[in-house]
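Please study the sequence and the three-dimensional structure shown below before attempting the exercises. Each task is followed by a solution in steps.

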Amino acid sequence: KQFENVRMKPGDVLSTWDLHNATTPKDSTEMSLHLTFGIQYDFYATMESLLHHAVVMFRAEYKVARSIAVRSRSCGGNSLTFDKLLHFSISEVVRRTNCGGFGEPRVMGGVNKDGNNQGNICNMRKSVPLHPEWKKLSGRSDNEIRDQYVHGLETILQQISVMNTLDFVNKISQGGTGTYSLGSNPFTYVGMKKNERYQCRLEKDEIDDLEKEFKNIASTFVEFAKKTFTEARQNLIQTVESDRLSRWKNEDAMLNNMNTFGTGQ
């Protein structure tokens, strides 16, 4: 369908979903300024995502993070490494706690009754101010963001459970994303490969042994993550900027295609 030509007046605003290609009319004798405002607020710009970036760095730094936690024969043909177990554990804890918002009346069917812990976990749902002006508007200093990050790490370490995580992994693999999604945001984590499928089945004694080992590795990760907050945030900023540029290029290409189609060229 060809674009309609609409003459905008000073003060007119288009909604987010109005696909457009703005130009100044040839017969105009005045200057024209076209501004686009956007707020990045999805999973990729949250405190939780910041933790996942720290896991990616932890994997690169620590060989144990790349070692196998659950072998393929116990996980439906795909082995589960400790860094992936960390990714899934963080996501499971964040989605286990009912924080309100995101359209979910209940998350994972469970609610954390501890007010302090619940607040620390719910802070992981908040966006990370990426631009200095947004920091001012949000009223959150770098120190406050770092404190929330550290408290979130410590609370997640207290609450991670191999049994809960494997249950989470299995249900995600079965396509049960509705219960585990935050509103319209499908479940994912930074660096997650598409179509990861696991069906992990362990005996109780295997879970108990894995729990001890995983707790030790998770403790090492938490200490590592506390020291690398600045690097993790910079990686988050680079990921968001790269994703934004990629989307802009795709949208520009789509607009060019529609213009070509509309003119019959």
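The following exercises concern a predicted model of a protein chain.

**Exercise 1. Overall architecture**

Task: Determine how many helices and strands the protein chain has, and in what order they run.

Solution.
Step 1. The secondary structure amounts to eight helices and two strands.
Step 2. Read from the N terminus, the order of elements is α-β-β-α-α-α-α-α-α-α.
Step 3. Of the 265 residues in the chain, 38% are buried.
Step 4. Among contacts with a separation of 6 or more, 75% are between residues 24 or more positions apart.
Step 5. The chain exposes about 16100 Å², of which carbon and sulfur atoms supply 50%.

**Exercise 2. Confidence in the model**

Task: State where in the protein chain confidence is lowest and where it is highest.

Solution.
Step 1. The mean pLDDT of the chain is 78, and 74% of the residues score at least 70.
Step 2. Among the elements, helix H4 (residues 132-138) has the lowest confidence, with a mean of 67, whereas H7 has the highest, at 96.
Step 3. Residues 102-113 have a pLDDT under 50 throughout, and the model gives this stretch 31 contacts beyond four places in sequence.
Step 4. Residues 177-186 also have a pLDDT below 50, with 16 contacts in the model beyond near neighbours in sequence.

**Exercise 3. The nonpolar core**

Task: Describe the largest nonpolar core and identify which elements supply its residues.

Solution.
Step 1. As a general background, nonpolar side chains in soluble globular proteins tend to be buried together.
Step 2. The largest nonpolar core here has 48 residues, and those with the most contacts inside it are Leu50, Leu80, Tyr149, Ile156 and Phe221.
Step 3. At least two residues of this core come from each of helix H1 (47-61), strand S1 (68-70), helix H2 (82-96), helix H5 (142-159), helix H6 (162-173), helix H7 (204-227) and helix H8 (229-263).
Step 4. The greatest contribution is that of H7, with nine residues.
Step 5. Beyond its neighbours within four places in sequence, Phe221 is in contact with Leu51, Ala54, Val55, Phe58, Leu86, Ile90 and Leu153.

**Exercise 4. The disulfide**

Task: Find which cysteines the disulfide joins, and establish its handedness.

Solution.
Step 1. A disulfide is a covalent bond between the sulfur atoms of two cysteines.
Step 2. A search of the whole structure yields one disulfide.
Step 3. The disulfide joins Cys75 to Cys200, with an S to S distance of 1.7 Å.
Step 4. Cys75 is in the loop between S1 and strand S2 (80-81), and Cys200 is in the loop between H6 and H7; the pair, 125 residues apart, thus links distant parts of the chain.
Step 5. The disulfide is right-handed, because the torsion about the S-S bond of Cys75 and Cys200 is about 75 degrees.
Step 6. Cys75 and Cys200 are both buried.

**Exercise 5. Two polar contacts**

Task: For Thr165 and His52, decide whether each is buried or exposed, and name the side chain with which each makes a polar contact.

Solution.
Step 1. Thr165 lies in helix H6, and His52 lies in helix H1.
Step 2. Buried means under 20% relative accessible area.
Step 3. Thr165 has a relative accessible area of 0%, so Thr165 is buried.
Step 4. His52 has 0% relative accessibility and therefore counts as buried.
Step 5. The side chain of Thr165 makes a polar contact with that of Ser89 (3.0 Å), and the side chain of His52 makes one with that of His87 (2.8 Å).
Step 6. Not counting residues up to four places away in sequence, Thr165 touches Leu85, Phe88, Ser89 and Glu92.

Note on methods: Residues are numbered from 1 along each chain as its sequence is written. This is a predicted model: local features need pLDDT of at least 70, side-chain atom pairs count only at pLDDT 80 or more; totals for chains, interfaces and linings use all residues. Side-chain values use heavy atoms; hydrogens and water are left out. Helices (H or I, at least four residues) and strands (E, at least two) are DSSP runs, numbered from the N terminus. Buried means under 20% relative accessible area, exposed over 50%, partly exposed in between (1.4 Å probe, protein chains only). Contact means heavy atoms within 4.5 Å. Accessible areas come from the Shrake-Rupley method with a 1.4 Å probe; for residues, only the protein chains shown count as cover. A nonpolar core is a set of buried Ala, Val, Leu, Ile, Met, Phe, Trp, Tyr and Cys residues joined through side-chain atoms within 4.5 Å. A disulfide is a pair of cysteine sulfur atoms within 2.5 Å. pLDDT is the predictor's confidence in each residue, from 0 to 100. A polar contact is a pair of N or O atoms within 3.5 Å; within protein, one must be able to donate a hydrogen and the other to accept it, and residues adjacent in sequence count only if both atoms are side-chain atoms.
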